[in-house]
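Subject: Structure handover and notes

Dear colleague,

I am passing on the structure we spoke about, with the sequence alongside. Please open it before reading the notes underneath.

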Amino acid sequence: MNIIFLGPPGAGKGTQAKILIEKYGIPQISTGDMLREHVAKGTELGLKAKEYMEKGQLVPDEIILGMVKERLSQEDAQKGFILDGFPRTVAQAEALDKILEEMGKRIEYVLALIVPDEELVIRLTGRRTCKNCGMMYHIKFKPPKEEGKCDVCGGELYQRPDDNEETVRNRLKVYHEQTAPLIEYYKKKGVLFEVDGSKSIEEITQQLINILEKK
Ligand code: AP5
């Protein structure tokens, strides 16, 4: 299963990817998580990426493409993968097609989560993430049992620096201008499946499983 999760910031790509990787035993490849790891470690790549991420802008392709190519060639991605947050532009999608062609692979499913912008602002400004295991929460929709503490590992919950309202609105603008055209790109290839992402987390997971297990 070679899958792409497409959708605006806050649509639930990460939430659903984390559920499906458990079910299907394939890795989640999140360019956002990879970049945040570089930022946290203070690598050269991380230092370059940080200035774009803080403003809600896209990180340049030359940084992203090498990172993704290297990750896709790793052993655990050979039986399938879920790409989360990549590709984000038509240029990235075309580059991905080339990378996969060289590997004798292709994308089978593009799962597009559709959610209205105003709901996304509420979701992102209320999101909390575990510093230790990456588990995601929402102060209203998916609160942890104990405030500020991860249910799974007891780690400390934090708010992403790009989850303030001003940056979120810029990320949404960037999504509509640069990423939304990918819906048409993958529709033409016959691999796009649109899902109503405003339902509950459980209902969305079920819709996604229905799509993946129908073929
Ligand atoms: P990235 O980390 O990819 O962030 P994003 O695309 O903005 O998406 P998010 O992770 O914010 O949202 P999500 O859809 O995963 O939602 P989640 O499941 O967490 O990118 C960050 C930055 O890195 C970019 O701005 C850019 O600078 C850079 N970058 C990354 N990839 C790049 C690329 N390819 N090229 C260039 N630059 C790149 O859910 C959100 C919240 O909602 C959570 O609190 C969750 O609990 C809650 N929630 C989820 N589903 C539901 C539901 N159904 N109902 C109610 N609440 C829900």
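The notes below take up the ligand, then some individual residues, and then a pair of helices.

Please keep in mind throughout that this is a predicted model.

The ligand is surrounded by 36 residues, and the closest of them are Thr 15, Gln 57, Arg 88, Arg 127 and Arg 171. By type, the residues of this shell divide into 15 nonpolar, 12 polar and nine charged. Two arginine side chains come up to oxygen atoms of the ligand: a polar side-chain atom of Arg 88 lies 2.6 Å from one oxygen atom, and an N or O atom in the side chain of Arg 171 is 2.7 Å from an oxygen atom. The backbone takes part as well, since a polar backbone atom of Val 59 is 3.0 Å from a nitrogen atom of the ligand. Taken alone, the ligand exposes 1,100 Å², and the protein buries 97% of that area. The elements that give two or more residues to the shell are helix H1 (13-24), helix H2 (31-41), helix H6 (117-125), strand E6 (136-138) and helix H9 (201-214), with H2 supplying the largest share, four residues.

Arg 171 appears again when one looks at the loop between strand E7 (157-158) and H7, where both Arg 160 and Asp 163 are found. Asp 163 has a relative accessibility of 1% and therefore counts as buried, and its side chain is joined to that of Arg 171 by a polar contact of 2.9 Å. Leaving aside neighbours within four places in sequence, Asp 163 is in contact with Leu 124, Thr 125, Arg 127, Val 168 and Arg 171. Arg 160 also counts as buried, because its relative accessibility is 13%, and the cut-off for that class is under 20%. The side chain of Arg 160 makes a polar contact of 3.0 Å with the side chain of Asp 162, while Arg 160 touches Arg 36, Arg 127 and Arg 171 when residues up to four places away in sequence are not counted.

Two prolines deserve a look on the screen. Pro 87 is found in the loop between strand E3 (81-84) and helix H5 (90-102), and the peptide bond that leads to Pro 87 from Phe 86 is cis, with omega near -5°. In general, most peptide bonds are trans. Pro 181, by contrast, lies in helix H8 and is partly exposed, with a relative accessible area of 36%. Not counting residues up to four places away in sequence, Pro 181 touches Val 90 and His 176. The C-alpha atom of Pro 181 is separated by 17 Å from that of Gln 57, a residue 124 places away along the chain.

Pro 181 also brings us to the last item, the packing of helix H7 (residues 165-179) against helix H8 (residues 181-189), whose axes are 6 Å apart and meet at an angle of about 35°. On the H7 side the contact is made by Tyr 175, His 176, Glu 177, Gln 178 and Thr 179, and on the H8 side by Pro 181, Leu 182 and Ile 183. These contact residues divide into four nonpolar, three polar and one charged.

With best wishes

How values were computed: Residues are numbered from 1 along each chain as its sequence is written. This is a predicted model: local features need pLDDT of at least 70, side-chain atom pairs count only at pLDDT 80 or more; totals for chains, interfaces and linings use all residues. Side-chain values use heavy atoms; hydrogens and water are left out. Axes are lines fitted to C-alpha atoms, for helices over the stretch in contact, and angles run from 0 to 180 degrees between N-to-C directions. Contact means heavy atoms within 4.5 Å. Ala, Val, Leu, Ile, Met, Phe, Trp, Tyr, Cys and Pro count as nonpolar, Asp, Glu, Lys and Arg as charged, and the others, Gly among them, as polar. A residue is near a molecule or strand if one of its heavy atoms lies within 4 Å of it. A polar contact is a pair of N or O atoms within 3.5 Å; within protein, one must be able to donate a hydrogen and the other to accept it, and residues adjacent in sequence count only if both atoms are side-chain atoms. Accessible areas come from the Shrake-Rupley method with a 1.4 Å probe; for residues, only the protein chains shown count as cover. Buried means under 20% relative accessible area, exposed over 50%, partly exposed in between (1.4 Å probe, protein chains only).
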